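Colleague: I'm new to this one, so could you take me slowly through a single part of it? I'd love a close look at a sheet and whatever lies around it.

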Amino acid sequence: MFNEKIIDPAELRHWGGKIELYWIYTSGEAGDRFFKALKDEDKFIAAKCKKCGKVFFPPRMYCEFDFSETEYVEVSGEGCVRAFTVAKLDKNEKPLEKPEIYAIIDIDGTDGCMIHLLREVEPEEVQIGMKVKPVLKDKAEREGKITDILYFKPS
Amino acid sequence: MRVAVVGVGYSGFNANTPDLNWKEITLEAAARAYDDAGINPRKDVDSIVTCAEDIWEGFAIFDEFVPDQLGGVLKPTCTVCADFLFGIATAYMQIKSELADIAVVEAHSKASDILTFGETIKFAMDPIWLREIGSAHPYYFAALEMSQYINECCITEEQIAEVVVKNKNNALKNSSAPYGSKVTVEDVLNSPMVFDPMRKIEIAPRADGAIVFVLANEDVAKDLTDTPIWVKGVGWWSETSNYDTMSFNAVYAYKAAKMAYKLAGITNPAKEVDIAEVDDRFAFKEFQHLEALQLSKRFETGTLMREGYFAKDGELPVNLSGGSLGIGNLLEATGGQKALEVVLQLRGLAGRRQVEAETGVAQAWRYIPTASGAVAVFGV
């Protein structure tokens, strides 16, 4: 089966293929509430399990531990940094123009967290446990998406 | 009725493979595995399990592309959308249930065909809550987990560097490991800090290759070979797809290992396991996975690593093959490479990296952005 192979690299062929695909992504019942409250009222919505009391953030319709219903509660959206990284490479592994600080932010009054960017702080100043608060886009520019939160900054 | 590995074959591993397409590297691995097992796939194989994810392949409904290169046309085939070790679990169950006497497991990586690796991983990230955040490579997701882990466990950068040093030096003894290198802790600490606290050299680069295993029931295994390697236990586990409820602490590996150890009758893994191949696609993951597999205790792994406990001549050699840091990221074939090394070691066919071992564990994670994984325990 393997008696002969191509040994001349000049004979080797490949082609670059690409295909354009488009989707819409449905925010869903819980996501819709979250993004509407954020967009129109500058508010942050979490979801509390009616059975175990665990507060999910981001919110969702159901408790994944009890498989039971949740109810929506308002939270501040502020929190503290649990973990962070200073990212220097873009999606193609080329240097980013400016490093981006990503963080896992434990959100106050919830059992959940948000993964988002930190700005208005130098990388060497970021500390685990640091209190941070969200900075939103101008109201007129909000789209009802996660990027309506521009970043978090020290509070 | 026990289940045994009666044949293994692999192709690679290489940084790229311009002369063969993914089906042809699979064919190479399959032909070698069938020769090793002494079987004719057209006649003897009852079932074929492939492990693949459409996203890595560049086309959809992967399972329709399966049978021919494995000699499996007009045979029962199924694709597990996961790592090779999940395929071992599936084949194990098919044989245990007597649906098959001989089942084949395959996984491959043609990572060099993926021109937009970062975007491909981003496609797997939650589109509502995560995908649109920032513009960095999704490696950041692993770096966040590393930040949490090293902070909780007080791990130093020198201790993480020891993993890279061990695995890349082990890889020099493996002629199938393209990223072997005589690096020192100092070399690692000079590697660029690309996702602080993670350095470039701590991220496994990509590699191509394919692995095929032939599994059989006890009677068939004893007819085929004098050196069957028994599949003693399998386990798999998923935490959640939501980052806010993920442990970022490899609970998936802890639970998968518990499942596999239970089946294997192992009550004290640190004493009963002789060798382990664990997922080290980011260097810190080796620490986390060793603890999850109960091969080391939290807060002790850094010291043990430093003392050479997990080195080739240590108490419990880990990633003798060179691991993913020495071989490369083989995508869904990662667990296949780990299982392959365990089987070669147990058979005494590991060449210059051979150690004495009777029980070995292979473990793989489903990579960023998941909290899922599988474990298999093999023994002589």
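Modeller: Happy to! Please keep in mind that this is a predicted model. Let's begin in chain A with strand S3(A) and strand S4 (residues 68-75), which are antiparallel and joined by two bridges. To find one of the pairings by eye, look for Tyr62(A), whose bridge partner in S4(A) is Glu69(A).

Now widen the view a little. These strands belong to an open sheet of four, ordered S2-S1-S4-S3 in chain A, with antiparallel pairing. Strand S2 (55-56) and strand S3 (62-63) of chain A each have a single partner strand because they stand at the edges, so one side of each has no neighbour in the sheet. A helix comes in here too: helix H1 (residues 28-41) of chain A packs on the sheet, where it touches strand S1 (44-49) and S4 of chain A. The direction of H1(A) makes about 150 degrees with that of S1(A).

Next, follow chain A across to chain B. Strand S5 (residues 79-89) of chain A pairs with S5(B) in the antiparallel sense, over two bridges. Here Val86(A) has Asp196(B) as its bridge partner in S5(B).

That pairing brings us to the contact of the two chains, which takes 41 residues from chain A and 33 residues from chain B. On the chain B side, helix H1 (22-37), helix H5 (117-123), helix H6 (139-153) and strand S5 (193-196) each supply at least two residues. H6(B) gives the most, with six residues. Sorted by class, this side of chain B has 16 nonpolar, 10 polar and seven charged residues.

Notes. Residues are numbered from 1 along each chain as its sequence is written. Chains are lettered from A and ligands numbered from 1 in the order in which they are written. This is a predicted model: local features need pLDDT of at least 70, side-chain atom pairs count only at pLDDT 80 or more; totals for chains, interfaces and linings use all residues. Two residues are in contact if their C-beta atoms, placed from the backbone, lie within 7 Å. Ala, Val, Leu, Ile, Met, Phe, Trp, Tyr, Cys and Pro count as nonpolar, Asp, Glu, Lys and Arg as charged, and the others, Gly among them, as polar. Two strands pair if DSSP finds at least two bridges between them. Axes are lines fitted to C-alpha atoms, for helices over the stretch in contact, and angles run from 0 to 180 degrees between N-to-C directions.
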